[in-house]
Amino acid sequence: VFTASRVAAAPEDPLFGLAKAYREDPSDKKIDLGIGAYRDNNAKPWILPVVKKADDAIHNDPNLNHEYLAIGGLPDLTAAAQKLVVGAESPAIREKRICTLQTISGTGAVHLGGLFLSKFHPLKPTIYLSDPTWANHNQIFTNVGLNIAKYPYFSAKTKGLDFDGMVQALQAAPTGSVVVLHACAHNPTGVDPTQEQWRAIAAVMRERNQFPFFDTAYQGFASGDLNRDAWAIRYFVEQGFEMCVAQSFAKNFGLYGERTGAFHFVSAPGSDASEANAHIASQLAILQRSEISNPPAYGARIASRILNDPVLFAQWEEDLRTMSGRIQEMRRGLRERLEARGTPGTWDHITSQIGMFSFTGLNEAQVQTLRSKWHVYMTKNGRISMAGLNTNNIDYFAEAVDSVVR
Ligand code: PMP
């Protein structure tokens with residue numbers, strides 16, 4: 001029988017604990033580099049101007065109501081989300097072999113894909129995750145009963161991609177394995193394969209008949225260019241892979257708490273691809289129904305308005321450049337300051353890494369000293385959120401890093 005009192009306490013979520021310690025620190029010098037959300041130069045959350053505009057228009061819309069969305073979500077959003085990720089001219093769209101459901105942000109999309117694979121994949125495939133990866137990947141795939149394994153990704157030596165290690169691991173992984181790939185701005189390392197490396201990864205996966213599961217949480221936020229950040233996904237589609245894509249609109253629209261995202265299933269080309277894809281869509285709808293019935297409307301309306309209006313879309317691209325540009329500026333600024341101080345070690349990885357996060361190479365003891373002595377908060381693997389840096393705290397942070405590294 002179930003005995004509630006036998007349920008052991010779960011460990012605290014490490015990021016949650018970090019945020020709490022930061023909040024409780026009374027120092028006026030404190031810096032929060034843990035949070036995975038964009039901050040402006042005043043360390044404040046930023047509502048994208050285009051989101052504010054779309055939001056105002058929705059509020060003034062006399063036809064607005066609070067009815068349920070369809071099981072698959074807002075059709076205008078899911079159609080636009082497809083175009084955004086695979087490209088408007090994609091053969092997958094033209095040949096009607098991509099289906100899309102709106103989800104509870106990127107987390108819900110990864111979950112829906114994991115659930116689908118655990119139910120419908122005949123072999124209960126092992127899910128290969130990069131080492132390291134976004135911590136939630138481990139939990140989400142494990143929770144739906146799938147086995148997980150790791151492939152090498154980050155080289156501690158170069159603070160770049162362990163390309164050889166990754167390729168060898170994929171060559172050794174069983175045929176048919178599912179491989180989770182971060183489309184751009186890898187979390188937590190900020191390290192992405194080059195286009196040439198992506199081609200080689202695709203070639204190995206093709207040869208091993210492996211199944212890509214793309215997680216795209218930073219399109220446009222990484223480089224400031226929506227097409228460039230979608231390059232890897234579009235290349236794999238071009239190569240004829242069957243695949244899943246989990247898409248988040250949390251970062252690129254700043255819609256974190258509105259839980260807006262999409263899950264896509266792309267079927268491989270072939271004469272029955274469109275029919276097979278429709279079957280998959282129907283099964284996904286059943287799963288979605290039992291999990292969430294239908295997705296939340298508010299963020300979907302905002303994103304949909306922006307994606308479907310050319311003027312708003314152009315303004316969104318501008319806002320994306322504002323966010324990615326500020327982050328790139330902080331990368332350059334931090335590297336410059338450390339190099340100017342002659343801080344031991346090399347710091348070029350700060351500018352070659354991309355997106356929200358940088359894997360600094362700081363070790364756990366150094367991270368601990370930064371916290372206790374300098375009131376700087378980051379995860380113990382040495383990951384910093386670049387968005388937590390700004391022109392007011394970057395000098396202090398460089399001084400702190402210099403001091404703990406020496
Ligand atoms: N995947 C990765 C790699 C992420 O970094 C994130 C955001 N931390 C997500 C998915 C999903 O986040 P959300 O559920 O807020 O969209």
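**Exercise 1. Which residues in α13 meet which residues in α14? Then describe how the two helices are placed with respect to each other.**

Solution. The model is predicted, and the exercise begins with two of its helices. On the side of α13, the residues that take part are R305, I306 and L307, and their counterparts in α14 are L312, F313 and W316. By class, this contact has 5 nonpolar residues, no polar ones and 1 charged one. The next step is to look at the axes: those of α13, which spans residues 298–307, and of α14, which spans residues 310–341, come within 6 Å and cross at roughly 100°. Since angles of 65 to 115 degrees count as roughly perpendicular, α13 and α14 are therefore roughly perpendicular to each other.

**Exercise 2. Find the residues through which α2 meets α14, and state the angle at which these helices pack.**

Solution. Begin with α2, residues 49–59, whose axis lies 8 Å from that of α14, the two helices packing at an angle of about 145°. The contact is made by P49, V50, K53 and A54 in α2, which meet L312, Q315, W316 and D319 in α14. Sorting the residues of this contact by class gives 5 nonpolar, 1 polar and 2 charged. Comparing the lists then shows that L312 and W316 of α14 take part both in the contact with α13 and in the contact with α2.

**Exercise 3. Work out the order of the strands in the open sheet, and explain which strands stand at its edges.**

Solution. The sheet has 7 strands in the order β2-β10-β9-β8-β7-β3-β4, and its pairing is mixed. At the edges stand β2 (98–104) and β4 (148–152), and each has a single partner strand, so one side of each is left without a neighbour in the sheet. From one strand to the next, the twist averages 25°. As an example of a pair, take β9 (residues 243–248) and β10 (residues 260–266), which run antiparallel and are joined by 6 bridges. Within this pair, C244 stands opposite F265 of β10. Finally, helix α12, residues 273–292, packs on the sheet, where it touches β2 and β10, and its direction makes about 10° with that of β2.

**Exercise 4. Describe the shell of residues around the ligand, beginning with the closest ones.**

Solution. The ligand is surrounded by 13 residues, of which S105, G106, T107, N187 and S248 are the closest. Divided by class, the shell holds 4 nonpolar, 8 polar and 1 charged residues. Asking next where these residues come from, one finds that helix α5 (residues 105–120) gives the largest share, namely 3 residues.

**Exercise 5. Locate two cis peptide bonds and a residue other than glycine with a positive phi.**

Solution. As background, most residues other than glycine have a negative phi, and most peptide bonds are trans. One cis peptide bond joins D131 and P132, with omega at about 5°, and P132 is found in the loop between β3 (127–131) and α6 (135–143). Another joins N187 and P188, with omega at about 15°, and here P188 is found in the loop between β7 (178–182) and α8 (195–207). N187 has already appeared among the closest residues to the ligand. The residue with positive phi is K96, whose value is near 55°; K96 lies in the loop between α4 (91–94) and β2.

Technical notes. Residues are numbered from 1 along each chain as its sequence is written. This is a predicted model: local features need pLDDT of at least 70, side-chain atom pairs count only at pLDDT 80 or more; totals for chains, interfaces and linings use all residues. Axes are lines fitted to C-alpha atoms, for helices over the stretch in contact, and angles run from 0 to 180 degrees between N-to-C directions. Helices (H or I, at least four residues) and strands (E, at least two) are DSSP runs, numbered from the N terminus. Angles under 35 degrees count as roughly parallel, over 145 as roughly antiparallel, 65 to 115 as roughly perpendicular and the rest as oblique. Two residues are in contact if their C-beta atoms, placed from the backbone, lie within 7 Å. Ala, Val, Leu, Ile, Met, Phe, Trp, Tyr, Cys and Pro count as nonpolar, Asp, Glu, Lys and Arg as charged, and the others, Gly among them, as polar. Two strands pair if DSSP finds at least two bridges between them. A residue is near a molecule or strand if its C-beta atom, placed from the backbone, lies within 6 Å of it.
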